[in-house]
Amino acid sequence: MMKKSYCCYIIFLSVFMLAGLRTAKAAVWQWSVPVKPIGVNKDPSRAFLWIGSGCKQVKAVIFAQNNMEEQSILEYPEFRMEMDKLGIAEIWVSPAFNLKFLFNEGAGDQFNALVNDLADISGYSELKTVPVIPMGHSAAASAPYYFGAWNPARTLACISVSGQWPYVRNVFAPDIWSRDQNINYIPCLETMGEYEAANTWSNEGLKERQEHPLLPLSMLSNPAQGHFAATQQKIAYLAFYIKKAMQYRLPKQTPAGKAPVLTDIDPTKTGWLVDKWRYNELPTASPAPVGRYKGDAANAFWYFDEETAKVTIAYQAKHRNQKPQLIGYVQNGKMVEQRNTHQQVNLKFAPEADGITFKLHAAFYDTVAGGSPRLPVWADMPIGSHIGHTAGIVPISIDRITGPVTKLNDSTFRLSPQAGYWENPHSYELWFAATHPGDADYKPAVQQALMPVPPGNTDGKEQHITFLPIQNQKKNAGGIKLNAASDAHVPVGFYILDGPAELSGNTLTITAIPLAVVFR
């Protein structure tokens, strides 16, 4: 039973059918399990597992809890293609059961339980012992280091996106490590955008490199990128970094049924050093192997090898000395005002007649707006200054960062229940990124925004949904047609909780099942 509203949805739960069809696209999560409440973590949460269709045996697994960028990274098609080649599975937990991964609250026990449950339900028993790549963004950016401190023998690499350094202690990283705990010999990567604090935040990381010389610590500074939205370039670099971690840490062979013993990385004896990124400045020294670096090693980060060093330098050289441009959101024909808040822009939920579809638009600023202290910093100009922008034909794009919303076209969006969101009241926050790629003169621009959506309707009469039976299917029938009806005479929609399947409207298409499921 459900309360009356403009529309209603049915969960199509756990689709498992014979293999056959086409390669799984992003957003498919073949299996999911509820996270067991352990310790102080009692709130409902669910763990989702993706394994590439070509994977016969999982060699490692990425583990992330939902904060903001994690889903964008894990579901990006090219990222998944690379993970499939490497034999790396993905686990995404939403809502987060312990965003900081505080192992003193039982987070480690919960991870062991959920990964064992996913191993059992998927048939990939090796998930119980394979190395883990913990990843987290922003408020969850210390979680990878806490995972590494909790289980260093199983941690392949730590990835902190737009976030923290390992030994920083604050509200997102309480002091729970014992004196005997560290993450020495575990490669760690921290990313930070130009529109965050890449120019200055590197100083803390460099300080930690001096204080912890056995920590293989790398930094990726992201020119013309921000805090909230993951770009194609950054996601590609993360996949490259993971490939390198696999290359240098995984043993060539592991006895059947045994956990692989990871190779320690000693950054005082191996790897390359690269001068830190500086705003609109060239590196002060050329990259070189550890021990032969001629620059100031106190201002350099560590990287796996020469290729990693060169890829990093090329990435960080982009957009140097290009002109800035600023983007804003337009509602009711006016630019939405900037605020001195984390999101900067608060959008109003103004749906059309169906109650779930709405419009969003964006435009360039002609002057540096006030309201948020970030805009004059990004533009490197005082408030009220004239600021130019590209005159090209490439439009500003508005895209979903996180939340239960689907983009229908360049300016039309619709509330859309999705696995990992709809069950949690916090999911009624819709986050967006307006972006422009720039041109030869102007560098890219990005502006995030938050749209709070009122919670579900609890007033009115109850309605009942009837899910009509699915008929026997024929091969190559073009998908399975789903049919349901509400006695309130409102449209009924569907979404997939888990299973190797994709949904377009009311047509369900079964995707390829990972090889181990077929052959084991």
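The legends below accompany an overall view and several close-up views of a predicted model.

**Figure 1. Overall view of the predicted chain, which has 9 helices and 29 strands**. The C-alpha trace spans about 75 × 65 × 45 Å along its principal axes. For 520 residues, a compact globule would have a radius of gyration near 24 Å, and the 24 Å found for the chain agrees with that expectation. Buried residues account for 53% of the 520 residues, and the accessible surface of the chain comes to about 23,200 Å², with 54% of that area belonging to carbon and sulfur atoms. Of the contacts in the chain with a separation of 6 or more, 74% are between residues 24 or more positions apart.

**Figure 2. Close-up of helix α3, which is formed by residues 107-122**. The helix has 16 residues, and the distance from its first C-alpha to its last is 22 Å, close to the 22 Å expected at 1.5 Å a residue. The buried residues of α3 are Ala107, Gly108, Gln110, Phe111, Ala113, Leu114, Val115, Leu118, Ala119 and Ser122. Glycine 123 follows the helix, and its phi is positive, near 90°.

**Figure 3. Close-up of the salt bridge between aspartate 120 and lysine 128**. Aspartate 120 and lysine 128 have their closest N and O atoms 3.0 Å apart. Aspartate 120 is exposed, at a relative accessible area of 53%, whereas lysine 128 is partly exposed, at 36%. Side chains of opposite charge can pair when their charged atoms come close.

**Figure 4. Close-up of the salt bridge between glutamate 82 and lysine 85 in helix α2**. The closest N and O atoms of this pair lie 3.3 Å apart. Because glutamate 82 and lysine 85 are 3 residues apart in helix α2 (residues 77-86), about one helical turn separates them. Glutamate 82 has a relative accessibility of 27% and so counts as partly exposed, while lysine 85, with a relative accessibility of 62%, counts as exposed.

**Figure 5. Close-up of the salt bridge between lysine 407 and aspartate 399, shown with a network that includes Lys244**. The side chains of lysine 407 and aspartate 399 meet at an N to O distance of 3.0 Å. Lysine 407 is partly exposed, having a relative accessible area of 31%, and aspartate 399 is also partly exposed, with a value of 30%. In the network, salt bridges link Lys244, Asp305 and Glu307. The structure holds 15 salt bridges, among them the pair formed by lysine 407 and aspartate 399.

**Figure 6. Close-up of cysteine 158 and cysteine 188, whose sulfur atoms are 4.1 Å apart**. For cysteine 158, the closest cysteine sulfur is that of cysteine 188, and the 4.1 Å between them is too far for a bond, because a disulfide calls for a pair of cysteine sulfur atoms within 2.5 Å. Seen from the other side of the pair, cysteine 188 is in no disulfide, and its nearest cysteine sulfur is that of cysteine 158. Cysteine 158 counts as buried, at 0% relative accessibility, and cysteine 188 is likewise buried, with a relative accessible area of 0%. A search of the whole structure finds 0 disulfides.

**Figure 7. Close-up of glutamine 316 in helix α7**. Helix α7 is made up of residues 306-316, and glutamine 316 counts as buried, with a relative accessibility of 6%. When its neighbours within four places in sequence are left aside, glutamine 316 is in contact with Met219, Leu220, Ser221, Pro223 and Trp277. Proline 283 is 33 residues away from glutamine 316 along the chain, and the C-alpha atoms of these two residues are separated by 9.9 Å.

**Figure 8. Close-up of serine 142 in the loop between β7 and α4**. The loop that holds serine 142 joins β7 (132-137) to α4 (143-150). Serine 142 is buried, with a relative accessible area of 2%. Apart from its neighbours within four places in sequence, serine 142 is in contact with Gln164, Phe172 and Ala173.

How values were computed:
Residues numbered from 1 in each chain as written. Predicted model: local features only at pLDDT ≥ 70, side-chain atom pairs only at ≥ 80, totals over all residues. Heavy atoms only, no water. Helix = DSSP H or I, 4+ residues; strand = E, 2+ residues; numbered from the N terminus. Expected span 1.5 Å × (residues − 1). Buried < 20%, exposed > 50% of the residue type's maximum accessible area, 1.4 Å probe, protein only. Salt bridge = Lys/Arg side-chain N within 4 Å of Asp/Glu carboxyl O. Rg over C-alpha atoms; globule rule 2.2 N^0.38 Å. Contact = heavy atoms within 4.5 Å. Areas by Shrake-Rupley, 256 points an atom, 1.4 Å probe, with all protein chains shown as cover.
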